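Let's take a walk through this model, one contact at a time. Keep the viewer open as you read.

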Amino acid sequence: MIGIATRPSGRDTEACRPHGSPPTVAAHLPTGLLIDGQWRPASSGATFPVQDPATEETLFDVADATSDDALAALTSAHDSWPAWREVAPRQRADLLRAVFDEMIARTDDLAAVITAEGGKPLAESRAEVIYGAEYLRWYSEQAVRIDGLARRAPSGANHQVVLNRPVGPALLITPWNFPLAMITRKVAPALAAGCTAVVKPAALTPLTTALFAEIVREQLESRGLPTGILNVVPTTHASGISGPLLADRRLRKLSFTGSTEVGQHLLRAAADGVLRTSMELGGNAPFLVFEDADIPAAVQGALAAKMRNAGQTCVAANRFLVHESVADEFAAGLTAAFDALVVGHGSDPGTTVGPLIEAKAVAKVSELVADAVDGGARVTTGGDALDHAGFFYAPTVLTGVSPDSRAVREEIFGPVAPIVTFGTEAEAVTMANSTDFGLVAYAYTRDVGRTFRLAESIEAGMLGVNRGMVSDATAPFGGVKSSGLGREGGEAGIAEYLDSIYVAI
Ligand code: SIN
């Protein structure tokens, strides 16, 4: 099992082994840049610290890529693309399957790193490894099924053949909240399609990416496949490297997961090169509880939808819209469930809620709660940041929340559940849709007719019915409106990395 609590200061696998300590897996955690199959320091020599959000202690210093490093990574992705696209689909599938097997074998190591740098409880980190690895398995199965089309043209004049070809080198920009799954969700379909990649992981959580990338690199090397197809450039100068990369015509694809604001900025930068883009952006998920719902089941679903990663997911239930006839029962059940949660360091066995990622996240959540209370909301549990080291905020339930309060209009990204009541289904749908976002919605109801009405009328890319969790590597994940463009996962996910080429014969 990984021993993560060491602070080596080197920049590659060898240099980062701490003197006098056993050669744990952590001692071999790469902390450099991965370019052309080699771990190396940043060209400037600069590093940046990665913190444990539960203790505020520095875990590792990681190489801080410059724009020159990023362009070297793109050169590697570009130069290795011709060889990679020629690799037989079956060989690509076998590689992805081997990476899946290795990730599963190293679940505890990967989970320990996710918890150390991201804070989530170990059980959630293990679940993330299983979830993240599934993208490798699913796309190993899709790599050999990149179908085209052949048919006689309706006019009878010719035949139409459609081929699917890899788009080319892709820039994959990933967030800190799922430091493994958000990378595998992009890397697996990209490699399966025959694309190559430059990954820019979040500066708050680059260590998980490093361990995953090393697993891929080892598998490529042992099979004699081009190791330059996957490059990793952690950096604290995100726009300093995305600008030059997006301006470089060798790049053919951008996939980003993060805030709508940053996504819009990247889309503008990608417009000059008319890049293929996939955008998984912010959310403001409504969680609807109708009068006919199974309330204990809705409370359990609410816990799942709200408290995964302490509320720091873009699919987190943000607004609880509850029918007025069941609002008291639901609020009492949710308050009791939140009271039973144990906040602490993610590696402590009893912990069910970890810290937020950084101090400014705690400040934002505190502001939103204060604003709701000023607007007349009542705190039934929680309501405060915890007064000790680490970025902790108490699980909080708010009742009687005004629909105009910031906690209802903005993405909370924290362990706070604001409850707003409604009277009719039509009112609930109007409230659910009164946001620029449209990633996911949840509904608890026993009425099948209503389920289909909601599927037709809710403005969201995903709908969980009597479920607090929709994410699945084998299904299309993505949003409408300001929540994004394109889909990740499922059959749709690989299409994002393919160009269809039509041949008239
Ligand atoms: C996200 O928060 O960006 C994704 C969460 C998920 O895949 O479930």
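**A loop, two helix pairs and a ligand**

Start with F437, which sits in the loop between helix 13 and strand 17 (440-444); helices here are DSSP runs of H or I with at least four residues, strands are runs of E with at least two, and both are numbered from the N terminus. Before going on, a word on the ground rules: this is a predicted model, where local features need pLDDT of at least 70, side-chain atom pairs count only at pLDDT 80 or more, and totals for chains, interfaces and linings use all residues. Residues are numbered from 1 along each chain as its sequence is written, and side-chain values use heavy atoms, with hydrogens and water left out.

What does F437 touch, once its neighbours within four places in sequence are set aside? The list is T260, G282, G283, N284, E459, V480, K481, S482 and S483, with contact meaning heavy atoms within 4.5 Å. Take E459 from that list: 22 residues separate E459 and F437 along the chain, and their C-alpha atoms are 8.4 Å apart.

Now for the helices. Two packed helices are described by the angle between their axes and the distance between the axes. The axes are lines fitted to C-alpha atoms over the stretch in contact, and angles run from 0 to 180 degrees between N-to-C directions. Helix 13 (residues 425-433) packs on helix 14 (residues 448-457) at about 30°, their axes 11 Å apart. That makes the two roughly parallel, a label for angles under 35 degrees (over 145 is roughly antiparallel, 65 to 115 roughly perpendicular, the rest oblique). On the helix 13 side you'll find E425, V429 and N433, which meet R450, R453, L454 and S457 of helix 14. Sorted by type, this contact has 2 nonpolar, 2 polar and 3 charged residues.

Next, look at helix 1 (residues 67-86) and helix 7 (residues 238-247), which pack at about 40° with axes 8 Å apart. This pair is therefore oblique. S67, A70, L71 and L74 of helix 1 make the contact with G240, I241, P244 and L245 of helix 7. Here the split is 6 nonpolar, 2 polar and no charged.

Finally, the ligand. Of the 13 residues around it (a heavy atom within 4 Å), Y131, R185, R308, C314 and S471 come nearest. A polar side-chain atom of S471 is 2.4 Å from a ligand oxygen. For Y131, a side-chain N or O atom lies 2.6 Å from an oxygen atom of the ligand, and for N177 the corresponding distance is 3.0 Å.

Notes
Ala, Val, Leu, Ile, Met, Phe, Trp, Tyr, Cys and Pro count as nonpolar, Asp, Glu, Lys and Arg as charged, and the others, Gly among them, as polar. A polar contact is a pair of N or O atoms within 3.5 Å; within protein, one must be able to donate a hydrogen and the other to accept it, and residues adjacent in sequence count only if both atoms are side-chain atoms.
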